[in-house]
Amino acid sequence: MYTLLEEIWSTTRRNKLRTALTGFAVAWGIFMLIFLLGAGNGLINAGTINMSRFLANSIAVAGGYTSKEYNGLPKDRAIELNDKDFNVTRDQFGENVETVGAEIDMGNHTMVLGDSHETASLMGVYPNEIDINKRELLSGRFINQTDIEEQRRVLVVSKSRAEGLVGKNWKNIVGEHVTINGLAFLVVGVYSDDESMFRNNSFAPFTTLRTIYNKGDKADQIVFSFKGLETEAQNEAFEDVYRHKINALHDAAPDDEESVWIWNRFTRSMKMNTGMGFIRTALWIVGIFTLLSGIVGVSNIMLITVKERTREFGIRKAIGATPWSILKLIITESVIITLIFGYIGMMLGIGANLYMDATLGNTTMDAGAFQQKMFIDPTVGFGVCIQATLLIVIAGTIAGVIPARKAAKIRPIEALNAME
C-alpha cells in the first residue's frame with residue numbers, strides 16, 4: 001500500500017498545476033453542497049422554531065370583510081366576532097374543540113407603580129392563552145377561570161416590563177398593584193419575553209377589560225385547541241363546516257372565505273414541513289450537480305494521465321502486471337484526489353456556515369409589532385458530513401473507473417508505439 005501511495009504522490013508532484021485545478025473543481029463542488037445545505041437549514045430552522053412557538057393543534061379566528069353579496073346585503077361588510085361565535089365554537093364543535101378562549105386588544109397603555117411607569121399593549125385573554133401561544137411563566141400565576149367569571153382586575157406582565165417597574169428584583173412585582181388609566185390592577189404573574197411575538201403585552205381577564213372599556217359582546221379573536229383532526233383533509237373539512245356556521249351568524253355567504261379569517265397552525269405546519277422537504281431535496285440536487293462538474297474534471301484529467309502514461313502501463317503489462325493492479329492504481333489515485341480536495345471544500349463550507357451563523361444567524365426581521373429571527377443555526381450536522389464523505393468516495397471511484405478501464409486495456413505493443 002505504501003508503494004502505491006508513493007507512486008501516486010510522485011505522479012501528482014509531476015503534474016502540480018493539473019492536480020490543483022482538478023482538485024479545485026472537486027473542492028468547489030463540495031463547498032457549494034455544504035454551503036447550500038447549511039443556508040437551507042438556517043431558513044428551515046427559523047421556520048420550525050417560529051412555528052413551534054404556537055400550539056400546533058390550535059386555531060385562531062378573526063373577523064374579516066365579506067367578499068360577496070348575500071341575502072340583499074352588500075359585500076365589504078366588516079364582520080365582528082361576538083359571544084354567539086364563542087358559544088357556537090364551544091357548544092357545537094365539542095367533538096373536536098378542547099379549550100376555547102377569546103382575545104381583545106386594547107392597545108398601548110401606561111402602567112404606573114410609584115414613580116416608575118412602563119408602556120405595554122393591554123390584552124384581554126382566557127386561561128388557554130398561555131398554552132396556545134406557549135408563554136413561559138416565570139413567577140406567580142396566569143389568568144384563571146375564576147378571574148374570568150368574577151371579572152377580577154388582575155394582570156400578568158412581561159419580565160422586561162416588570163424590570164422597568166421594580167428593577168432587577170422583578171419577581172417582587174407579583175402582589176403589587178399597578179395603575180392603568182386610574183384603575184388599580186393586581187399583578188399576579190410574570191412571563192418570559194418572546195421577541196417572535198408582541199413582547200410587551202400585559203394580560204388581563206378578557207371579561208374584565210371588555211366590561212371596563214364597554215365593548216359589549218365583541219371579541220377580536222377566538223382561539224381554541226382541537227383534537228381528532230390528524231390529516232390535512234380532516235382539517236380542511238372542519239374549517240369548511242366551521243366557517244359555514246360562523247358565516248351564518250353574520251349573514252355572510254356560507255362559502256365566503258374572506259368574511260372570517262381562520263389561522264390553522266396544524267395545516268400551516270404540515271405545509272411548511274412539505275416545503276422544507278422540497279427545499280432540502282432541491283439543495284441536494286443543486287449541490288450534487290455542482291459536484292458532478294468537478295467529477296467530470298477529475299475523470300478528464302485521469303484520461304489525460306492515462307494517455308500520457310501509455311508507455312508505462314504497456315511496459316508494466318509486458319513484465320507481468322495484471323489489469324487489476326492498473327485499475328487499482330488509477331481508481332485509488334482518483335479517490336485520493338477527490339477525498340483530499342473534497343475535505344478541503346467541506347471544511348471551507350463548514351467555515352462559511354459558521355460565519356453565517358455568527359452574522360446572519362443573529363439578525364431579526366422587525367415588522368413593527370413583532371420580531372422574529374429569519375436565519376437560525378445555518379450549519380450541517382455530523383450525519384450530513386458523513387453522507388458528503390461517502391459521496392466524495394463514490395464520486396472519486398466513478399471518476400476513476402473509465403480512465404482505469406482504459407489503462408487496463410493497454411497492450412504491451414502500445415508501449416512500443418508510444419516509444420516511436
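**Reading surfaces, salt bridges and a pocket**

Guide: Let's start with Asp 217, which counts as partly exposed at 31% relative accessibility. The scale is simple: buried is under 20% relative accessible area, exposed is over 50%, and partly exposed is in between, using a 1.4 Å probe and protein chains only. This is a predicted model, with residues numbered from 1 along each chain as its sequence is written, and its local features need pLDDT of at least 70. Side-chain atom pairs count only at pLDDT 80 or more, while totals for chains, interfaces and linings use all residues, and side-chain values use heavy atoms, leaving out hydrogens and water.

Visitor: How many helices and strands does the chain have, and what share of its residues counts as buried?

Guide: There are 13 helices and 14 strands, taken as DSSP runs numbered from the N terminus (helices H or I, at least four residues; strands E, at least two). Of the 420 residues, 45% count as buried. Contacts, meaning heavy atoms within 4.5 Å, often span the sequence: among those between residues at least 6 apart, 77% join residues at least 24 apart.

Visitor: And how should I read a salt bridge? Which residue does Lys 218 pair with?

Guide: The general idea is that side chains of opposite charge can pair when their charged atoms come close. Here a salt bridge needs a side-chain nitrogen of Lys or Arg within 4 Å of a carboxyl oxygen of Asp or Glu, and the count comes to 10. Lys 218 pairs with Asp 217, with the closest N and O atoms 3.9 Å apart; Lys 218 is partly exposed at 30%. Arg 90 and Asp 91 also meet, at 3.0 Å from N to O, and Arg 90 is partly exposed at 42%. A network of salt bridges links Arg 141, Asp 147, Glu 150 and Arg 152.

Visitor: Which residue forms a salt bridge with Glu 118?

Guide: That is Arg 161, with the closest N and O atoms 3.6 Å apart. The pair links distant parts of the chain, with Glu 118 in strand 4 (residues 116–125) and Arg 161 in helix 6 (residues 159–166). They are 43 residues apart in sequence, yet their C-alpha atoms are 6.3 Å apart in space.

Visitor: Is Arg 161 buried or exposed?

Guide: Arg 161 is buried, at 16%. Leaving aside residues up to four places away in sequence, Arg 161 touches Met 111, Glu 118, Thr 119, Ala 120 and Asn 200. In helix 6, Ser 160, Ala 162 and Leu 165 are buried too. The buried residues of helix 6 pack against strand 3, strand 4, strand 6 (154–158), strand 7 (177–180) and strand 8 (183–191). After helix 6 comes Gly 167, with a positive phi near 90°.

Visitor: Now pockets, please. What lines the second largest pocket?

Guide: Rolling a probe the size of a water molecule over the atoms shows where empty space is left. On a 1 Å grid over the protein atoms alone, a pocket is an open set of points where a 1.4 Å probe fits, with protein on both sides within 12 Å along at least five of seven lines; lining residues have an atom within 4 Å of a point. The second largest pocket holds about 210 Å³, the space filled by probe spheres set on the points, which are joined across faces, edges and corners. Of its 13 lining residues, Glu 80, Ile 104, Lys 218, Ala 219 and Asp 220 are the closest to the centre. Strand 1 (58–63), strand 3 (97–113) and strand 10 (218–219) each supply at least two lining residues, and strand 3 gives the largest share, three.
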